[in-house]
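Biologist: Before we discuss this model, I would like each term set against its cut-off. Please start with the terms for the interior.

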Amino acid sequence: MQIAVANRLNGIGEYYFSQKLKQIEELNKTGNPVLNLGIGSPDLPPHPDVIRVLQEEAAKPNTHAYQSYIGSPVLRKAAADWYATWYGVTLDPAKEVLPLIGSKEGIMHICMTYLNEGDYALIPNPGYPTYRSVVQLAGGKCLEYELKAENNYFPDFEALEQQVQAINKQQGASNSLPTGEGRGGAVKLMWVNYPHMPTGTLGTPELFAQLIAFGKKHNILICHDNPYSFILNDQPASMLAIEGAKDVVLELNSLSKSQNMAGWRVGFLMGAADRINEVLRFKSNMDSGMFLPLQLAAAKALSLDASWYDSVNQHYRERRVKAFELLDLLGCTYSKEQVGMFLWAQIPEGYADGFALSDEVLEGARVFITPGGIFGSAGNGFIRVSLCSPIDKLDAAIQRIKESRSVAV
Ligand SMILES: Cc1ncc(COP(=O)(O)O)c(C=O)c1O
């Protein structure tokens, strides 16, 4: 049978990593497996107390039913307490926190909730590829804003103003009119992500305040995706901590990286009660609440103290030293101030782009490094190395690259 896929899939390919993993699997079958330094999936386990809560709760007979669409009150309270303790943000756990099956699904829910066919969403270039595909799947159009090294990978607000004004002009809409309202073609969302993936750039209160003012001026919902704030960074920051943020900001956060729980799929949406209810109108039609033992274990994870984050970061700090060594070997240039679980590095002269360098290292040394171009055209001259590998794997990768380079010379 041949059946045409829906038009919404036009231009949406298989996710780059799912394709690349198949190629790596094929290479692995030939012996001498590939060392994968591509994907940012924490290899370290969650805290043992978290596992214990999951086991104990799962062994009870009464924890297996469907769960509320808005999540367990225990988890919502734990998330609000986490935000109060670490980010200095006050949230009403009953109304301003929505547990998610990972923050990635939240990106979809937000786009489906707010974008009419033909509405625009501002997305960062380079940036997390999901923003682009999800905006398109929701029927929206992407308006890229470039993040340049010379501007510390912060948006250029003059350029943003021009972009939005051009769209508004095209729309025949005045800035003072509410956007959307079913007509399509308005700029309604802006995706923002600091600490920024892939460049490892930390946001500042001034930047957040500027983004909020921009959102208010143009009636654009600022969607801040914040999963990396604890990694190699001892001052986690939320955009919701800025005065007046709830008027215009929705923030996503996640246990994937900060609690080593990527496979558990636990994230949150935080923001004004009205926004949370709007998103819930979509989400509650798509799925149900998560397995209760998992929610209770996630609540435990959110209550961990500073020693947890210190121990995780100790690993990443040691690995980062090795990753610097690897990048030096490849002749790349990079900032040592980066945060998050990746290193972003400019490729040396002599390569057409990061794909060429990545392919050379994969073929010659059987080490996979992510080409920066998958994060957008502005990433073409870069590569990204993940810190989610133990020291011995990083050492082995360095050794293989050294050997392949000595053979090539
Ligand atoms: C910037 C960014 N946002 C969101 C996600 C998704 O995280 P989660 O596991 O919470 O869905 C990732 C995962 O790689 C990411 O890099």
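Modeller: A nonpolar core is a set of buried Ala, Val, Leu, Ile, Met, Phe, Trp, Tyr and Cys residues joined through side-chain atoms within 4.5 Å; buried means under 20% relative accessible area (1.4 Å probe, protein chains only). The model is predicted, with local features needing pLDDT of at least 70 and side-chain atom pairs pLDDT 80 or more, while totals for chains, interfaces and linings use all residues. Residues are numbered from 1 along each chain, and side-chain values use heavy atoms, without hydrogens or water.

Biologist: Which residues touch the most other members of the largest nonpolar core?

Modeller: Leu122 and Met190 do, in a core of 102 residues. Domain 1 (12-41 + 307-408) and domain 2 (48-304) both contribute residues, so this core lies between them; the bounds come from an automatic or database domain assignment.

Biologist: What else is there by way of a core?

Modeller: A second, separate core has 23 residues, including Ile107, Tyr114, Tyr131 and Ile276.

Biologist: Why does the pair formed by Ser103 and the ligand count as a polar contact?

Modeller: A polar contact is a pair of N or O atoms within 3.5 Å. A polar side-chain atom of Ser103 lies 2.7 Å from a ligand oxygen, so the pair qualifies. A polar backbone atom of Lys104 is 2.8 Å from an oxygen atom of the ligand, and a side-chain N or O atom of Tyr228 is 2.6 Å from one.

Biologist: How much of the ligand does the protein cover?

Modeller: The protein covers 90% of the 400 Å² of accessible area that the ligand has on its own, by the Shrake-Rupley method with a 1.4 Å probe.

Terms used: A polar contact is a pair of N or O atoms within 3.5 Å; within protein, one must be able to donate a hydrogen and the other to accept it, and residues adjacent in sequence count only if both atoms are side-chain atoms. Buried means under 20% relative accessible area, exposed over 50%, partly exposed in between (1.4 Å probe, protein chains only).
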